[in-house]
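Work through the exercises below with the model open. Try each task before reading its solution.

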Amino acid sequence: MTNASSPVLQGSLRAPPGVALGGFADRIGAPALKAAATSWFVVAVLGQLLFVAYVIGFYGRAALQGRFEAWNKVLPHGYVAGDTFGNLVVSLHLAFATVVIVGGALQLMPAVRRVAPAFHRWNGRIYLASVLLMSVGGLVMVWTRGTVGDLSQHVAISINALLIIAFAGMAFRHALARRIDLHRRWALRLFLVVGGVWFFRIGLMAWIVVNRGPVGFDPKTFAGPFLTFLAFAQYVLPLAVLELYLRAQAGRGSLQRVAVAGGLFALTLLTAGGIVAASMIMWLPRL
Ligand code: HEM
């Protein structure tokens, strides 16, 4: 077993290279993992707030001015004259997008939980009710109103909705039973699947920038192999990375922690790149 106080690991004796690396990893593994996760979270929250600013600045402003048809510049079925129920579902979907994104970020901030535990509980209830409403509303929108994309994307986003509903149930169940570690794990998974639509947007814009144009899909029909891949990857990849993070955090392998921390730092840069691309191409120009 490794021992951080060992003179071998502190380098006072000539240690074989593997052992020296192990000692270094022992010292920096846990703090590096924490720093990497925090940096990703900070960047992601800033990027999600830009998405919220766009929702309020574009959809909210048009609604306040009574120009609901302006929504159709982005959403082909955003506003359908005469379809009161459908328009209400879309309006609630957009309004609750802001509640869910801001509320989700606050739920995961340790300082908020520490300083205001009652707020965490109430905000948590509002968050869970909101994500349920959005998922059910999203399913109604996809399967009754129609939206951009082909069947594969509709199936993928519907699975996303079902995962949100399932993970919300798990996070709530474990919170009620005071199983805090399990509650935390399911809440983190929930945060990522709720962010699926956001991951889709930053992923797509990063892809377009890297390839200098739409590659792997037809921009007119908004269908093609890359979009099918991305529609599933928007939640499968973040969930896979989270599992690696949770295993590294709970396990004893220092090298594993360093490796996952390195991967998370790289993903932080990638996420930042996607946010810049999405902001410049989609969000800021519509404000
Ligand atoms: C829970 C997290 C979600 C958030 C924060 C969210 C947010 C949004 C936002 C901001 C838009 C406007 C799109 C834009 O201007 O880029 C939108 C549209 C849409 N969302 Fe969601 N959404 C979520 C989940 C879902 C789910 C799970 C589904 C499907 C099951 C869904 C279905 C749709 C559809 C179909 C549209 C477009 C409607 C149209 O084309 O007329 N959303 N969503």
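Of the 287 residues of the protein chain in this predicted model, 41% count as buried.

**Exercise 1. Describe the overall fold of the protein chain.**

Solution.
- Start with the secondary structure: the protein chain has nine helices and zero strands.
- Read along the sequence, the pattern is α-α-α-α-α-α-α-α-α.
- Next, take the extent. The C-alpha atoms fill a box of roughly 80 × 45 × 30 Å along the principal axes.
- Then look at contacts between residues at least 6 apart in sequence: 67% of them join residues at least 24 apart.

**Exercise 2. Characterise the surface and the charges of the protein chain.**

Solution.
- The protein chain exposes about 15,300 Å².
- Carbon and sulfur atoms supply 72% of that area.
- Now the charges: there are 24 positive and 7 negative ones.
- Their mean positions lie 12 Å apart.

**Exercise 3. Which protein atom is the donor of the iron atom of the ligand, and at what distance?**

Solution.
- Search for donors within 2.8 Å of the metal.
- The only protein donor is NE2 of H93, at 2.0 Å.
- Place this residue in the fold: H93 belongs to helix α2, residues 84-108.

**Exercise 4. Check the span of helix α7 against the expected value, then list its buried residues.**

Solution.
- Helix α7 covers residues 196-210, which is 15 residues.
- The expected span is 1.5 Å times one less than the number of residues. For α7 this gives 21 Å.
- From first to last C-alpha, α7 reaches 21 Å, close to that expectation.
- Buried residues in α7 are G196, W198, F199, F200, I202, L204 and M205.

**Exercise 5. Is G57 buried or exposed?**

Solution.
- Locate G57 first: it sits in helix α1, residues 17-64.
- The cut-off for buried is under 20% relative accessible area.
- G57 counts as buried because its relative accessibility is 17%.
- One distance to add: the C-alpha atoms of G57 and G124 are separated by 26 Å, with these positions 67 residues apart along the chain.

**Exercise 6. Examine the positive phi values of R178, R212 and F222.**

Solution.
- Recall the background: most residues other than glycine have a negative phi.
- R178 has phi near 60 degrees. R178 lies in the loop between α5 (151-176) and α6 (180-194).
- R178 counts as exposed, because its relative accessibility is 58% and the cut-off is over 50%.
- R212, just after α7, takes a phi of about 55 degrees.
- F222 also has a phi of about 55 degrees. F222 is in the loop between α7 and α8 (225-250).

Definitions and conventions:
Residues numbered from 1 in each chain as written. Predicted model: local features only at pLDDT ≥ 70, side-chain atom pairs only at ≥ 80, totals over all residues. Heavy atoms only, no water. Helix = DSSP H or I, 4+ residues; strand = E, 2+ residues; numbered from the N terminus. Buried < 20%, exposed > 50% of the residue type's maximum accessible area, 1.4 Å probe, protein only. Contact = heavy atoms within 4.5 Å. Areas by Shrake-Rupley, 256 points an atom, 1.4 Å probe, with all protein chains shown as cover. Lys, Arg positive; Asp, Glu negative; His and termini not counted. Charge placed at Lys NZ, Arg CZ, Asp CG, Glu CD. Donors = N, O, S within 2.8 Å, 3.2 Å for Na, K, Ca; no water.
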